[in-house]
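Here is a set of questions about how certain descriptions of a structure are justified, each answered by setting a value against its definition.

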Number of protein chains: 2
Amino acid sequence: MSDLAGWRKRIDEIDQQLVKLLSERAQCALEIGHLKKAMELRTWQPEREAEILRNVVKANEGPLDDAAIRRLFERIIDEARSLERHSMDGGSSFRKE
Amino acid sequence: MSDLAGWRKRIDEIDQQLVKLLSERAQCALEIGHLKKAMELRTWQPEREAEILRNVVKANEGPLDDAAIRRLFERIIDEARSLERHSMDGGSSFRKE
């Protein structure tokens with residue numbers, strides 16, 4: 001695969017998989033939120049967040065550097081947290097444009 | 001899978017796949033950068049970026065809303081772009097902590 005169109009096609013395929021995984025991850029975070037509520041645990045657990053960041057940095061072999069991977073996962077965690085918060089408020093936050 | 005530990009394990013597995021896909025995506029972006037340089041095309045092509053965002057929003061079925069998916073992919077595209085820029089400057093930007 002040596003042409004521009006071929007590489008772009010591969011990026012589009014990867015993006016479809018990323019959307020699926022990010023959605024499944026968000027669903028897991030929602031389930032965890034419900035369980036934590038039922039168990040009366042606090043929602044924000046910074047030690048778990050630190051563990052997640054350690055794991056992804058450890059798995060990283062480039063070409064993105066560790067700081068970039070950490071920035072991306074901080075965003076992913078942040079979106080999960082605000083989804084969880086909206087869900088706890090009783091609203092469905094899913095909006096299709 | 002109804003316990004907290006089980007859902008967290010699933011998130012950890014998803015994160016390993018996300019790191020792999022994000023890395024492969026970044027590698028594709030680097031290849032595209034090299035090709036564009038060889039073809040003397042400009043690096044930043046906003047119409048391609050808009051196409052990527054349209055595609056991922058179209059693929060989104062929640063629970064993250066479309067705005068959240070768009071924010072995440074804006075970050076992913078942004079990290080790819082700065083990697084490409086560093087690579088064009090001749091440096092390897094991959095740093096392991």
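Q: What covers the buried residues of H1(B) in this predicted model?
A: The cover includes helix H1 (4-38), helix H2 (46-59) and helix H3 (66-88) of chain A, together with H3 of chain B. Among the buried residues of H1(B) themselves are B:Trp7, B:Ile11, B:Leu18, B:Leu22 and B:Ile32, and the list also includes the charged residues B:Asp15 and B:Arg25.

Q: How do you know that H1(B) reaches the span expected of its 35 residues?
A: The expected span is 1.5 Å times one less than the number of residues. For H1(B) this expectation is 51 Å, and the span from the first C-alpha to the last is 51 Å, close to what is expected.

Q: Which element gives the most to the side of chain B that touches chain A?
A: Across the interface, 49 residues of chain B are in contact with 49 residues of chain A. Helices H1 (4-38), H2 (46-59) and H3 (66-88) of chain B each give two or more residues to this side, and H1(B) gives the most, with 24 residues. By class, this side of chain B has 25 nonpolar, eight polar and 16 charged residues.

Q: Why is A:Lys96 called exposed?
A: A residue counts as exposed if 12 or fewer other C-beta atoms lie within 10 Å of its own. A:Lys96, in the segment after H3 of chain A, has 10 such atoms within 10 Å and is therefore exposed.

Q: Why does B:Glu40 count as exposed, and what is notable about its phi?
A: B:Glu40 has 6 other C-beta atoms within 10 Å, and because the cut-off for exposed is 12 or fewer, B:Glu40 is exposed. This residue is found in the loop between H1 and H2 of chain B, and its phi is positive, about 55°, although B:Glu40 is not a glycine. In chain A, A:Glu40 has a positive phi near 55° and, with 6 C-beta neighbours inside 10 Å, counts as exposed.

Q: What makes the peptide bond from A:Gly62 to A:Pro63 stand out?
A: This bond is cis, with omega near 5°, and A:Pro63 is found in the loop between H2 and H3 of chain A. In chain B, a cis peptide bond joins B:Gly62 and B:Pro63, with omega about 10°.

Q: Which residues touch the most other members of the largest nonpolar core?
A: Of its 36 residues, these are A:Leu22, A:Ile69, A:Leu72, B:Leu22, B:Ile69 and B:Leu72. Beyond its neighbours within four places in sequence, B:Leu72 is in contact with A:Leu22, A:Arg75, A:Ile76 and A:Glu79.

Terms used:
Residues numbered from 1 in each chain as written. Chains lettered and ligands numbered in written order. Predicted model: local features only at pLDDT ≥ 70, side-chain atom pairs only at ≥ 80, totals over all residues. Contact = placed C-beta atoms within 7 Å. Helix = DSSP H or I, 4+ residues; strand = E, 2+ residues; numbered from the N terminus. Buried ≥ 20, exposed ≤ 12 C-beta atoms within 10 Å, placed from the backbone. Core = buried A, V, L, I, M, F, W, Y, C linked by C-beta atoms within 7 Å.
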